[in-house]
Amino acid sequence: MRGEDEKQEGMFSYVSPEKRVPQEHPLRPIRALVDQVLKEMSPRFARRYAKVGRPSIAPERLLRALLLQLFYSVRSERLLMEQLDYNLLFRWFVGMPMDEEVWDHSVFSKNRDRLLNEEIAEVFFQRVLKLAKPYLSDEHFTVDGTLIEAWASHKSFRPKDEKPGEGGGDGEVNFHGELRSNDTHQSTTDPEARLYKKSKGSEAKLSYLGHGLMENRNGLLVGTLVTPAHGTAERDAALLLAERIPGIKRVTLGGDKNYDTRDFVRELRQMNITPHVAQNNTNRSSAIDERTTRHAGYAISQQKRKRVEQSFGWMKVIGMLRKVKLRGREKVGWLLTFAGAAYNLIRLQRLQAGTAA
């Protein structure tokens, strides 16, 4: 029998978002992991808020909403609030009842900037790693860097000694044929961004460099860092990330050809770390000799190290880190760390389900 196309809306609903989300939905185990992390962080949140005053957005809800923004590539806070208004899956994950009014996008952004910094993002990242401990290697690691385009245009890259008003309006700015460098010029939009190109022949962009330390067993990120973009930044950051590796036993650290320099290799060996970086024999001799390459572990590290590109690919394509919408190294830093935690949550959910590649 054909059903009636009734237009009358029901006044009440007795079905909660909890019952509408399928039991096998992949967000369910992620929500359980996130709730466990946020419960451990609750005392830290309590210390950041005053005892009296107008209640703000609960930090737990704010962080869950930010995770959804990364998981589903929601490009703005305005669209995120729109999804929260009618998307039952989003409401369930954040913890909002069906009839609760969503926040204004500007209020959400203000609360995000007030709560989130590098410290909170790093604590969240480390709590996720604590849950992933059974899947982590404590012996073999990989380091790499990626270009993060800043939220600034070429027209904002002006001479440092230029006085306000000298450059004219945007329509009058003409930098073609002008010699520009980071020594003489600076972005007026994001002064910490630097003009940089990742490889020879590529376009120079106002950018930061994001760095990641990955364990080789399951490809989970165990460290992140954002630095100004310059020629030795990747190797400098790699040494800082290597210092975070816990324990005192000898470990291995893989990397691409950019890390094959004698100074870098010497520094790693002094830190009791075996360098498993790729050999760069182009018009030079490699700092890695047969003492390292003759071992089977070196070949394995060369295979495993390429998996770090998967994390960068996810964070840039899905997590919207290809061109960040935040300005300043500190804000870009917490976003990279938080996106790294989101990537680890996705990996951890798959590992627990036994479906990880």
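Which helices are among what covers the buried residues of α6? The cover includes α2, α3 (59–71), α4 (77–86), α7 (118–131) and α13. Keep in mind as you explore that this is a predicted model. Helix α6 is a good place to start, and from there we can visit the nonpolar cores, the largest pocket and helix α11.

**Helix α6: two sides to look at**
- The buried residues of α6 are F108, S109, N111, R112 and L115.
- Looking down the axis of α6, you would find these buried residues within an arc of 165 degrees, so they line one face of the helix.
- Turn to the face pointing away from that buried side, and you meet the exposed residues K110 and R114.

**The nonpolar cores**
- In soluble globular proteins, nonpolar side chains tend to be buried together.
- The largest nonpolar core here has 97 residues, and those touching the most other members are L67, F71, F93, F108, F124 and L345.
- Helix α13 (residues 329–353) is the top contributor to this core, giving 13 residues.
- Try clicking on L345: setting aside neighbours within four places in sequence, L345 is in contact with I30, L33, V34, L67, F71, F124 and V128.
- There is also a second, separate core of five residues, and L147, Y196, L209 and A229 are among them.
- F108 links two of our topics, being a buried residue of α6 and one of the residues that touch the most other members of the largest core.

**The largest pocket**
- The largest pocket holds about 450 Å³ of space.
- Its lining is made of 18 residues, and Y49, A50, R54, P55 and S56 are the closest to the pocket's centre.
- Two elements, α2 (27–48) and α6 (105–115), each give two or more residues to the lining.
- Helix α6 provides the largest share of that lining, with four residues.
- By type, the lining residues split into 11 nonpolar, three polar and four charged.

**Helix α11: another one-sided helix**
- In helix α11 (residues 296–304), the buried residues are Y298, S301 and Q302.
- These three cover an arc of only 100 degrees around the axis, which puts them on the same side of α11.
- What do the buried residues of α11 pack against? Their partners are the strands β7 (251–255) and β8 (273–277), together with helix α10 (290–293).
- On the face of α11 turned away from the buried side, look for the exposed residues A296 and Q303.

Methods:
Residues numbered from 1 in each chain as written. Predicted model: local features only at pLDDT ≥ 70, side-chain atom pairs only at ≥ 80, totals over all residues. Heavy atoms only, no water. Buried < 20%, exposed > 50% of the residue type's maximum accessible area, 1.4 Å probe, protein only. Arc of directions from axis to C-beta. Contact = heavy atoms within 4.5 Å. 1 Å grid on protein atoms, 1.4 Å probe; cavity = no way out; pocket = protein on both sides within 12 Å on 5 of 7 lines; lining within 4 Å. Points joined across faces, edges and corners; volume = space filled by probe spheres on them. Nonpolar A, V, L, I, M, F, W, Y, C, P; charged D, E, K, R; others polar. Core = buried A, V, L, I, M, F, W, Y, C linked by side-chain atoms within 4.5 Å.
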